[in-house]
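Please examine the chain displayed here. The paragraphs after it move from the overall fold to individual sites.

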Amino acid sequence: MDELDSALLTLLQEDAKQTNKELARKLHIAQSTCLERVRELTRRGIVRGHHVDVDLKKIGRPVQAMVAVRLRPPDRAVIESFRAFVAGLPEVLSVFVMSGSDDFLLHIAVADNDHLSGFVLDRLTQRKEIVDVRTSVIFNHFRRTVVTPAG
């Protein structure tokens with residue numbers, strides 16, 4: 001990773017729809033150099049895709065929560081099975097497999113508090129491997145959209 005790669009990553013994270021021509025102009029480099037650098041960042045797995053940022057309120061899912069889940073027994077088969085289960089639930093935005101007192105942290109978005117309660121009580125707690133669930137409603141959410149390389 002050099003300064004040019006870092007600058008490309010920043011520009012792409014700010015707006016992934018920019019054309020190669022626009023990126024090259026902003027960085028004062030040849031279009032062919034820019035294209036090759038982006039292709040190399042993708043080949044190396046640094047750039048993994050291009051995503052759309054959706055306004056959850058405008059699609060009817062304004063209530064967000066973090067749901068901490070503890071499983072028993074904490075073995076690989078149970079963890080993998082539960083991870084596959086929650087990854088398939090439409091309410092789940094992110095799944096974090098954790099160490100420490102919780103095994104999972106789920107970031108979810110639902111229509112309202114009734115849906116939140118139903119998700120926890122009717123979907124999650126029906127799983128026999130769950131021994132504890134703690135839900136925290138998110139009042140406000142900030143996600144960094146531009147991440148720079150370390151060092």
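Of the 151 residues in the protein chain, 30% are buried. The model described here is predicted. Its accessible surface amounts to about 10200 Å², and carbon and sulfur atoms contribute 51% of that area.

The protein chain contains 5 helices and 4 strands. Read from the N terminus, these elements follow the order α-α-α-β-α-β-β-α-β. The radius of gyration of the protein chain is 20 Å, whereas the globule rule gives 15 Å for 151 residues, so the chain is more spread out than a compact globule. Along its principal axes, the C-alpha trace extends over about 60 × 35 × 25 Å. Among contacts with a separation of 6 or more, 65% join residues that are 24 or more positions apart.

The N-terminal part can be considered next. An unreviewed UniProt entry carries the annotation "domain: HTH asnC-type" for residues 1–62. In the model, this span is 53% helix and 0% strand, and its end C-alpha atoms lie 38 Å apart. Helix 2 comprises residues 20–27 and includes E22. The relative accessibility of E22 is 32%, a value between the limits of 20% for buried and 50% for exposed, and therefore E22 counts as partly exposed. Although E22 and C34 are 12 residues apart along the chain, 9.8 Å separates their C-alpha atoms.

H28 belongs to the loop between helix 2 and helix 3. Its phi angle is near 60°, which is a positive value in a residue other than glycine. H28 has a relative accessible area of 74% and is exposed, because the cut-off for that class is over 50%.

A further loop connects helix 3 (31–43) with strand 1 (63–71), and V54 is located there. Together with V52 and I59, V54 makes a nonpolar surface patch of about 300 Å². V54 itself counts as partly exposed, at 43% relative accessibility.

Beyond strand 1, the backbone has a cis peptide bond from R72 to P73, with omega near -5°. P73 is placed in the loop between strand 1 and helix 4 (76–87).

Two residues that touch one another complete the description. How accessible is E91? E91 has 16% relative accessibility and is buried, because the limit for that class is under 20%. E91 lies in the loop between helix 4 and strand 2 (92–97). Leaving aside residues up to four places away in sequence, E91 touches R61, H107, I108, A109, V110, F119 and R123.

H107, one of these partners of E91, is part of strand 3, which covers residues 104–110. With a relative accessible area of 9%, H107 is likewise buried. The residues that H107 touches, again without those up to four places away in sequence, are Q64, A65, M66, E91, V92, L93, S94, I138 and H141. Of these, Q64, A65 and M66 fall within strand 1 (63–71), while V92, L93 and S94 fall within strand 2 (92–97).

How values were computed: Residues are numbered from 1 along each chain as its sequence is written. This is a predicted model: local features need pLDDT of at least 70, side-chain atom pairs count only at pLDDT 80 or more; totals for chains, interfaces and linings use all residues. Side-chain values use heavy atoms; hydrogens and water are left out. Patches are made of residues with over 30% relative accessible area and no salt bridge: like charges are joined within 9 Å, nonpolar side chains (Val, Leu, Ile, Met, Phe, Trp, Tyr) within 5 Å. Accessible areas come from the Shrake-Rupley method with a 1.4 Å probe; for residues, only the protein chains shown count as cover. A salt bridge is a side-chain nitrogen of Lys or Arg within 4 Å of a carboxyl oxygen of Asp or Glu. Helices (H or I, at least four residues) and strands (E, at least two) are DSSP runs, numbered from the N terminus. Buried means under 20% relative accessible area, exposed over 50%, partly exposed in between (1.4 Å probe, protein chains only). UniProt positions are given in the numbering used here, feature names are shortened, and annotations may be inferred rather than shown by experiment. The radius of gyration is taken over C-alpha atoms; the globule rule is 2.2 Å times the number of residues to the power 0.38. Contact means heavy atoms within 4.5 Å.
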